[in-house]
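Let's take a walk through a protein model together. Have the sequence and the 3D view ready, and follow along as we go.

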Amino acid sequence: MNEAAARHVILVRALETTDSPDKPWNDTDAAWASRAAAEVVGSEADADRFLARRGALAVERLADRDRQLRRLAEGRNWRPWVGSLMVAVAFALGILMDAVGPSRYVNLLAFPLLGLIAWNLLVYLTIFVEGLTRPFRRTPARPGALRRAVARLGGSLGETLATAAPASPFTVFRNDWAQASAPLTLQRVSQVLHLSAMAFALGAIAALYMRGLVLDYRAGWESTFLDASQVHQGLRLLLGPAAQLGGVPIPDAQHLENLRLPAGHGENAAPWIHLFALTLAFTVVLPRALLALISGLRARGMQNHFPLPLGDAYFQRLQRSFSGREARVHVLPYSYAVSPAAMLLLQEGVTREFGPRASLSVAPPLAFGDEDALPPSALPDTPPSLVLALFSLTATPEDENHGAFLAALATRLPTGTPLAALVDEAGFKARFDAQPKRQEERRRAWTRVLEKHAVTVTFVDLTDTDPGALAETLSHILDHSARPGGPR
């Protein structure tokens with residue numbers, strides 16, 4: 001599914017999941033869209049083709065009903081001219097930069113291009129550290145102010161609006177689209193910023209040679225704390241690779257001593273301009289071009305294969321209606337016996353949320369301390385749609401037991417299977433109903449232990465809960481336990 005098709009799908013989702021009395025879409029329209037899309041793509045099509053066709057058909061019908069919806073559906077996902085303008089401006093700024101200082105002396109230690117090189121090296125270090133730490137972060141790093149500004153100019157993140165009360169489907173769509181398209185937008189922003197940095201360096205190099213054609217620049221240096229030998233070592237470290245490739249040797253310490261200002265008069269700056277130009281090419285132009293290429297390829301891949309959160313409740317429900325397969329919810333209690341009344345309540349909640357064909361299976365309770373070796377009966381033979389680890393609030397949560405149980409269960413599940421924790425409050429309420437503070441303290445203790453394992457934690461009373469409320473709870477669990485980058 002490409003980016004434009006994904007935009008339509010998310011727009012239709014906003015219409016179908018937002019309660020609004022004046023929205024131009026109803027259950028009859030939703031059923032028609034699903035039926036028509038299934039007829040067009042055929043029963044053998046995958047979920048992406050079905051969802052894309054359904055979104056296109058829905059937008060086609062809706063476009064005649066609401067002008068604002070048509071504008072949103074046809075909205076530009078990204079403004080390419082923003083990137084082109086920023087690259088052109090960066091090149092112009094590079095040319096206009098006073099590259100060699102206010103005088104005609106090229107100060108080898110205060111050369112403004114040294115700051116440009118140092119800045120880019122710092123950026124590369126930041127990218128490297130971010131890449132190393134990304135797998136260990138629970139939440140993605142927030143983009144910087146510059147990236148957010150470019151994203152707003154470019155389009156997608158610029159559509160984010162503050163959520164109003166009550167939220168309209170259009171506001172919900174803008175926020176949903178901004179969230180869904182953020183990874184793609186940030187790749188585009190990265191490409192623009194890398195190209196802009198490259199263009200700035202090219203502009204600075206062009207300015208060096210353009211000025212050198214009509215002005216006589218002299219090269220020298222001055223310092224309060226450094227002597228000629230230290231300056232020689234620093235220049236060899238910075239300009240050494242360019243000197244080797246360009247065949248322009250770096251003078252020795254004695255020669256540099258003769259260039260010391262203000263006593264000396266310096267020397268012709270042409271060899272130093274060549275060295276700095278080559279160094280800029282190696283440290284800024286080529287790395288930035290490579291990074292821009294990588295970001296561009298990633299953006300192209302995301303644009304052609306847009307990553308939708310197909311694991312959330314809305315998309316799973318549509319996929320089940322298209323494929324005709326039933327939802328399978330599996331419950332695995334830990335040191336807790338499920339009462340017949342709780343079993344009936346779970347079954348009714350599953351039926352209300354997933355339809356009459358949905359099935360519920362409850363495994364035999366796992367004894368306390370047996371979490372390291374899950375028996376074959378812990379999981380069903382058929383891959384489940386959702387797995388719920390069931391605990392009792394009366395137990396004191398312990399990471400070495402309850403947490404270890406979740407970790408062992410996660411390793412046994414097929415990749416992508418949503419896993420969540422359900423904590424039954426019935427027994428605890430029966431004993432401490434008059435002590436709400438104690439209940440809240442126990443909830444916080446369970447949350448601290450279970451959230452370490454990146455699972456959604458939900459508290460419910462399985463003896464005194466409306467089946468409709470339980471169905472909404474299951475929908476919330478499925479929606480939050482299968483989002484990309486979030487909990488399982």
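What follows covers the ground rules, then a cavity, a helix and some strands.

## Ground rules

This is a predicted model, where local features need pLDDT of at least 70, side-chain atom pairs count only at pLDDT 80 or more, and totals for chains, interfaces and linings use all residues. Residues are numbered from 1 along each chain as its sequence is written, and side-chain values use heavy atoms, with hydrogens and water left out.

Helices (H or I, at least four residues) and strands (E, at least two) are DSSP runs, numbered from the N terminus.

## A cavity

Rolling a probe the size of a water molecule over the atoms shows where empty space is left. On a 1 Å grid over the protein atoms alone, a cavity is a set of points where a 1.4 Å probe fits but cannot get out, and lining residues have an atom within 4 Å of a point. Points are joined across faces, edges and corners, and the volume is the space filled by probe spheres set on them.

How many cavities of 30 Å³ or more does the structure hold? Just one, and the largest cavity has a volume of about 30 Å³. Its lining is made of Val 9, Val 12, Leu 51, Arg 54, Gly 55, Tyr 314 and Leu 318. Helices H1 (3–17), H3 (47–62) and H12 (313–323) each supply at least two of the lining residues, and H3 gives the largest share, with three.

## Helix H2

Helix H2 runs over residues 27–41; at 1.5 Å a residue (times one less than the number of residues), its 15 residues should span 21 Å, and the end C-alpha atoms are 21 Å apart, so the two agree. Which H2 residues are buried (under 20% relative accessible area, 1.4 Å probe, protein chains only)? They are Asp 29, Ala 30, Ala 33, Ser 34, Ala 36, Ala 37 and Val 41.

At the start of H2, Asn 26 has a side-chain oxygen within 3.0 Å of the backbone nitrogen of Thr 28. After H2 comes Gly 42, with a positive phi near 90°.

## Strands

Two strands pair if DSSP finds at least two bridges between them. Three strands make an open, mixed sheet in the order E1-E2-E3. Its edge strands, E1 (105–107) and E3 (267–268), each pair on one side only. Strand E2 (218–220) pairs with E3 in the antiparallel sense over two bridges, and Arg 218 has Asn 268 of E3 as its bridge partner.

Elsewhere, strand E4 (328–333) has five of its six residues buried, so the rest of the structure largely encloses it. E4 pairs with strand E5 (359–362) in the parallel sense over four bridges, and Val 331 stands opposite Val 362 in E5.

Terms used. 1 Å grid on protein atoms, 1.4 Å probe; cavity = no way out; pocket = protein on both sides within 12 Å on 5 of 7 lines; lining within 4 Å. Buried < 20%, exposed > 50% of the residue type's maximum accessible area, 1.4 Å probe, protein only. Polar contact = N/O pair within 3.5 Å; in protein donor to acceptor, adjacent residues only side chain to side chain.
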